[in-house]
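This report describes selected features of the structure shown below. It covers backbone geometry, a metal site and a bound ligand.

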Amino acid sequence: MITIKTQNEIDKMRKAGLIVRDVLNIMGDNIKVGITTKELDKIAYEHIISCGAYPSFFGYRGYPASICVSIDDEVVHGIPSPKRILEEGQIVSIDVGAYINGYHADAARTFEVGQVSAQNKKLIKVTEQSFFEGLKVLKDGVRLGDLSSAIQNYVEKAGFSVVRALVGHGIGKQIHEDPSVPNFGTAGKGVRLAQNMTIAIEPMVNMGGHEVEFCPDGWTVKTKDGLPSAHYENTVVITSDGAEILTL
Ligand code: MF3
Ligand code: CO
């Protein structure tokens, strides 16, 4: 069931969204050669708690951290570790959620560590822009497939592929609500989206093929071909004539 939020609920999600935005900005300030992914997790945790919020991912289905940190060929859900040290040239996706006053917000960015290759820079840019291509078509009454296909078409024209095995989602009282929000699909198909629905749109874009594999740690998702992947996500509320981003 897709829930329609009240203005009061949206206000609470806005508050969660600003915390998520701030955490991502802090992550960007701290990402550099030599820092461990565990240290990044601790910084994120402490900021979220200092805001009176709770890290949405911590304990979700047993997930052991506040952020997901996914490096290079890792697509999503990389678990922070004191053994994982960031290196020059890597691309690092950070995904974080915050929960406050009963509501969640969820967002992700992909960052560069030092100097990265031109292809990796393009991958990050295309992934981010694909979110905005989706956003352009979003408003009350459009179908889910209109959003999904706008993202997919943009990514594929750029020569990359969208991950199929993982999707975006509705969000609110729960971190994952209906509907599923795929980054691939057919315009004119799917459920109709309406004003005051809140969804997390999160393109995961691979430089090579779309296939992924799930690692033995039970969480980390990697590309099958070992080529890099990028992630970009925002929580948005659909409005009569567009959408408002709550995590930017
Ligand atoms: N943003 C992620 C998603 O929507 C949430 C990560 S799930 C967790 O898929 F378990 F890692 F928290
Ligand atoms: Co999400």
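H77 lies in the loop between strands β3 and β4, the latter spanning residues 91–100. In this predicted model, H77 has a positive phi of about 65 degrees although it is not a glycine. H77 counts as partly exposed because its relative accessible area is 24%. H77 is also one of the residues around ligand 1.

A second non-glycine residue with a positive phi is D72, at about 50 degrees. D72 is placed in the loop between β2 (67–71) and β3 (74–76). With a relative accessible area of 25%, D72 is partly exposed.

Another backbone feature is the cis peptide bond that joins D178 and P179, with omega at about -5 degrees. P179 belongs to strand β8, which covers residues 177–181.

**The cobalt site**

Which residues supply the protein donors of the cobalt ion (ligand 2)? The donors are the OD of D106, the NE2 of H169, the OE of E202 and the OE of E233, and they lie 2.1 to 2.3 Å from the ion. Along the sequence, the spacing of these donor residues is D-x62-H-x32-E-x30-E. D106 and H169 link distant parts of the chain: D106 is in strand β5 (residues 103–112) and H169 is in strand β7 (residues 168–170), 63 residues apart.

Are D106 and H169 buried or exposed? D106 has a relative accessible area of 2% and is therefore buried, the cut-off being under 20%. H169 is likewise buried, with a relative accessible area of 4%.

**Ligand 1**

Ligand 1 sits in the largest pocket. The residues around ligand 1 include the cobalt donors D106, H169, E202 and E233. The others in this set are F57, Y60, Y63, C68, H77, D95, H176 and W219.

Three of the cobalt donors also place polar side-chain atoms at short listed distances from ligand 1, as the table shows.

| Residue | Atom type of ligand 1 | Distance |
|---|---|---|
| D106 | nitrogen | 3.0 Å |
| H169 | oxygen | 2.8 Å |
| E202 | oxygen | 3.0 Å |

Taken alone, ligand 1 exposes 330 Å², and the protein buries 95% of that area. D106, H169 and E202 thus appear in two settings: as donors of the cobalt ion and as residues around ligand 1.

**Further residues**

N206 is found in strand β10, which covers residues 204–206. N206 counts as buried because its relative accessibility is 0%. Its side chain reaches the backbone oxygen of G209 at 2.9 Å.

L135 is part of helix α3, which covers residues 118–137. At 15% relative accessibility, L135 counts as buried, so its value falls under the 20% cut-off. How far apart are L135 and L123 in space? Their C-alpha atoms are 19 Å apart, and the two residues are twelve residues apart in sequence.

How values were computed: Residues are numbered from 1 along each chain as its sequence is written. Chains are lettered from A and ligands numbered from 1 in the order in which they are written. This is a predicted model: local features need pLDDT of at least 70, side-chain atom pairs count only at pLDDT 80 or more; totals for chains, interfaces and linings use all residues. Side-chain values use heavy atoms; hydrogens and water are left out. Donors are N, O and S atoms within 2.8 Å of the metal (3.2 Å for Na, K and Ca); water is not among the atoms, so sites may look incomplete. Helices (H or I, at least four residues) and strands (E, at least two) are DSSP runs, numbered from the N terminus. Buried means under 20% relative accessible area, exposed over 50%, partly exposed in between (1.4 Å probe, protein chains only). A residue is near a molecule or strand if one of its heavy atoms lies within 4 Å of it. A polar contact is a pair of N or O atoms within 3.5 Å; within protein, one must be able to donate a hydrogen and the other to accept it, and residues adjacent in sequence count only if both atoms are side-chain atoms. Accessible areas come from the Shrake-Rupley method with a 1.4 Å probe; for residues, only the protein chains shown count as cover. On a 1 Å grid over the protein atoms alone, a cavity is a set of points where a 1.4 Å probe fits but cannot get out, and a pocket is an open set with protein on both sides within 12 Å along at least five of seven lines; lining residues have an atom within 4 Å of a point. A molecule sits in a cavity or pocket if more than half of its atoms lie within 2 Å of its grid points.
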